Structure formats: structure tokens, C-alpha cells
Amino acid sequence: MSSTPEDHLSGFVVAIDGPSGSGKSSVSKQVARTLGYGYLDTGAMYRALTWWCLREDVNLDDADAITAAAERLPLSIGTDPDDPTVTVDGVDVTADIRETRISTTVSVVASVIPVRELMRVLQRRLISEAGAADGGVVAEGRDITTVVAPDAPVRILLTASEEARLARRSTELHGAADEASVAATRSQIVDRDKADSAVSEFSVAADGVTTVDTSHVDFEGSVQAVLQVVRAAQA
């Protein structure tokens, strides 16, 4: 996974951060499709590393072991918003990395600081490659607006109320947003955000980052709100 960070990002980069369940992935993919840009899900990279660690029986209590696993991670990630594939060691793990066992473990892996630095370097390279190939890229995930791509021309914090985020993720995972479904989803939203907040700030927009609140906006409205910010920056 070793590489050298680009001095300057290639193409027009739209960086989108935000808490779990805010709609980052679905909105980012649609924005990328609309603009004809590439799409990079940086969170999927941490999920892929988690899958790799579990497959390789890495001790998740050992930060050095996790870092070593990250250094040898044989990752290939697609940047087509219509087919954002993730492959590890020749195995297509696009669906596997969304399993509950990954969702409940990924924060442990992602909280290792040396791992985050390794990922930052790789993410900047992938952003530049996609930007050069497609003229632009929508990159979403933790730290993207502040650490990975603070030089992106558009940086957005996509947020929503906890109630809205829980309802959306519950509907996505369980097909309903009733009390029992929301309760079953809470750990994947609230607990993960709490764990991730130890190493990443994603609840308050940094200087130069535009906040887009989707609490009371539907999917299409969220996409249009982001596109409005992008087009204003391009004008």
C-alpha cells in the first residue's frame, strides 16, 4: 500500500464528510453520476481492511498488527459510481464488507492512527487517478474534508439529525423504521459515530467546509443541494 501523496490533486474534487446515516454514499454516487465524475468511498477502504484482518486472523487488540496488515493489504477499488467494486486479494468483497460483522468492527481498525495515515496517502492517490481519468471525482468518508483532501475546491459536511439518520439506516437495513428496527440499528449509527469521533471530527464543519443539512429533505433534494454547492464553486 505504500505510495507518495500527490502534491496537487488532479481534476475537480468534491469532498463529502458526515456522520453515519447522513446519506453520504447514496448522495455522493448520484452527484458523481450527474457530473460524469468518478466516485471514491473511502469508508469502504477501511471496511476492506477490516475484512482482510478478520480473514488473516489479525489480533484486533494489537495496533501494530493491524498496521502491518494495512501495509500489505492487496486492495483494488473501482471508482465507477454505477459499479463501485472492492476487491481484496482477488476476492470481490463489495457485498461482504457491508455485513454486520464488519460494521461492528471497522471502528477498531479505523481508530489506529498509523493506519489512517497509510490510508490517507492511498486515498489521495486514488482521488487524483480518478480525477485525472474522469475530469473530477466525488470522494466521501471520514476526514475527507479536513485531512485527506483539505485542498479540494468543494468540501461539504452532509449532516442530518440523529432521528433522521436512525430512521434512514433502519429502513435500509430492516425495511422499516418502527421502534424495534430503530433500536436494532442504533449501535451502527450512534455507537460507531462515538467511536469514530475519537480520531475524526465530522459533526462540525471546519473552516471553508459547507454544511448541507438533509434532516428534512428527501434524497433528490439532498442531491440537488450538493449540486448547487458544486456548481456555485465552478461558476
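This is a short talk on one protein model, from its overall make-up down to a few of its residues.

Hi everyone, and thanks for coming. Please keep in mind that what you see above is a predicted model.

Let's start with the whole protein. Its secondary structure adds up to ten helices and eight strands. Of its 235 residues, 49% are buried. The accessible surface is about 10,400 Å², and carbon and sulfur atoms account for 48% of that. Now take the contacts between residues at least 6 apart in sequence: 77% of them join residues at least 24 apart.

Next, please find helix α10, residues 219-234. How far apart should the ends of its 16 residues be? At 1.5 Å a residue, the expected span is 22 Å, and the end C-alpha atoms are 23 Å apart, which agrees.

Which residues of α10 are buried? They are Ser222, Val223, Val226, Leu227 and Val230. These residues cover an arc of only 130 degrees around the axis, so they sit on the same side of α10. Here is some background for that pattern. An α-helix has 3.6 residues a turn, so residues three or four places apart point the same way. Turn to the other side of α10, and you meet Gln228 and Ala232, which are exposed. And what do the buried residues of α10 pack against? Their partners are β1 (12-17), α1 (24-35) and β7 (154-159).

Now for a sheet. Three strands form an open sheet in the order β3-β4-β5, and their pairing is antiparallel. The edges are β3 (75-77) and β5 (91-92); each has a single partner strand, so one side of each is left without a neighbour in the sheet. Let's look at one of these pairs. β3 and β4 (residues 86-88) run antiparallel and are joined by three bridges. If you zoom in, you'll see Leu75 standing opposite Val88 in β4.

My last stop is a single residue, Arg101, which lies in helix α4, residues 100-103. Is Arg101 buried, partly exposed or exposed? Its relative accessibility is 40%, and because buried means under 20% and exposed means over 50%, Arg101 counts as partly exposed. Its side chain makes a polar contact of 2.9 Å with the side chain of Glu99. Leaving aside neighbours within four places in sequence, Arg101 touches Trp51 and Leu54. Arg101 and Trp51 are 50 residues apart along the chain, yet their C-alpha atoms are separated by 9.0 Å.

That's my tour, so thank you for listening!

Terms used
Residues numbered from 1 in each chain as written. Predicted model: local features only at pLDDT ≥ 70, side-chain atom pairs only at ≥ 80, totals over all residues. Heavy atoms only, no water. Helix = DSSP H or I, 4+ residues; strand = E, 2+ residues; numbered from the N terminus. Buried < 20%, exposed > 50% of the residue type's maximum accessible area, 1.4 Å probe, protein only. Contact = heavy atoms within 4.5 Å. Polar contact = N/O pair within 3.5 Å; in protein donor to acceptor, adjacent residues only side chain to side chain. Areas by Shrake-Rupley, 256 points an atom, 1.4 Å probe, with all protein chains shown as cover. Expected span 1.5 Å × (residues − 1). Arc of directions from axis to C-beta. Pairing = 2+ DSSP bridges.
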